[in-house]
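The following exercises are to be worked with the sequence and the coordinates at hand. Each task is followed by a solution in steps.

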Amino acid sequence: MTFVVQAVDPAVVYPVRQQVLRTHQTLDQVAFPEDGAAGAGHFAAVRDGEILGVVTVFRQRPARWQPAEDQEDWWRLRGMATVASSRREGVGRALVAAVIAHVVAHGGTRLWCHARLAAVPFYQAMEFATVGEQWVEPVVGPHVVMWRPIP
């Protein structure tokens, strides 16, 4: 079965963000301060009214890593989550494609994220490169910074 990726209101991404990424938090706690930032994009992959995956993107310079490239046009991918029953169906790839299109439309040149170690192979397949050392986010687990240029 096919699905569509569509831009959504930030509140639409919260239930999947909580269910997949932040089970230690309540639904009221999963909002990011940047969710309402100018130009922020929120996307959901939907099939028959059911949300299969979500992602958020907003303009932000990397904090853990200071790249040499101009950081004014860097965008952060955050809150990428696919429900377990829909993994390996292309949902994540489609969500990243929507994010890239959004970043291009807003003049961005680089996309970066804090990737959970289990997600590193997925992001590598999406042309992200790892940079720096890994660290452990309390409760959430080990992460590493990843980034990619935007064509």
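**Exercise 1. The largest pocket**

How much space lies in the largest pocket? Determine also which residues and elements line it.

*Solution.* The model is a predicted one.

Step 1. The volume of the largest pocket comes to about 890 Å³. Its lining comprises 31 residues, and those closest to the centre are Leu-21, Met-80, Ala-81, Ala-119 and Tyr-123.

Step 2. Assign the lining to elements. At least two residues each come from α1 (10-21), β4 (74-82), α2 (91-105), β5 (110-116) and α3 (120-125). The greatest contribution is that of β4, with 7 residues.

Step 3. Sort the lining by class. It holds 15 nonpolar, 7 polar and 9 charged residues.

**Exercise 2. The surroundings of Gln-18**

Identify the element that holds Gln-18, the backbone oxygen that its side chain reaches, and the residues that it touches.

*Solution.*

Step 1. Gln-18 belongs to helix α1.

Step 2. From Gln-18, the side chain reaches the backbone oxygen of Gln-25, at a distance of 2.9 Å.

Step 3. Leaving aside residues up to four places away in sequence, Gln-18 is in contact with Thr-23, Gln-25, Thr-26, Leu-27 and Val-30. Gln-25 thus appears both in this set and as the partner of the side chain of Gln-18.

**Exercise 3. Helix α2**

Test whether the length of α2 agrees with its number of residues, then list its buried positions.

*Solution.*

Step 1. α2 has 15 residues, so at 1.5 Å a residue it should span 21 Å, the expected span being 1.5 Å times one less than the number of residues.

Step 2. The end C-alpha atoms of α2 are 21 Å apart, which agrees with the expected span.

Step 3. The buried residues of α2 are Val-91, Gly-92, Leu-95, Val-96, Ala-98, Val-99, Ile-100, His-102 and Val-103.

Step 4. Just after α2, Gly-107 has a positive phi of about 75°.

**Exercise 4. Positive phi outside glycine**

Locate Asp-48 and Glu-127, and decide from relative accessibility whether Asp-48 and Glu-127 are buried or exposed.

*Solution.*

Step 1. Most residues other than glycine have a negative phi. Asp-48, however, has a positive phi near 50°, and Glu-127 has a positive phi of about 70°.

Step 2. Asp-48 sits in the loop between β2 (41-47) and β3 (50-59). Glu-127 occupies the loop between α3 and β6 (129-137).

Step 3. A residue counts as exposed over 50% relative accessible area. Asp-48, at 69%, is therefore exposed; Glu-127, at 58%, is therefore exposed as well.

Key
Residues numbered from 1 in each chain as written. Predicted model: local features only at pLDDT ≥ 70, side-chain atom pairs only at ≥ 80, totals over all residues. Heavy atoms only, no water. 1 Å grid on protein atoms, 1.4 Å probe; cavity = no way out; pocket = protein on both sides within 12 Å on 5 of 7 lines; lining within 4 Å. Points joined across faces, edges and corners; volume = space filled by probe spheres on them. Helix = DSSP H or I, 4+ residues; strand = E, 2+ residues; numbered from the N terminus. Nonpolar A, V, L, I, M, F, W, Y, C, P; charged D, E, K, R; others polar. Polar contact = N/O pair within 3.5 Å; in protein donor to acceptor, adjacent residues only side chain to side chain. Contact = heavy atoms within 4.5 Å. Buried < 20%, exposed > 50% of the residue type's maximum accessible area, 1.4 Å probe, protein only.
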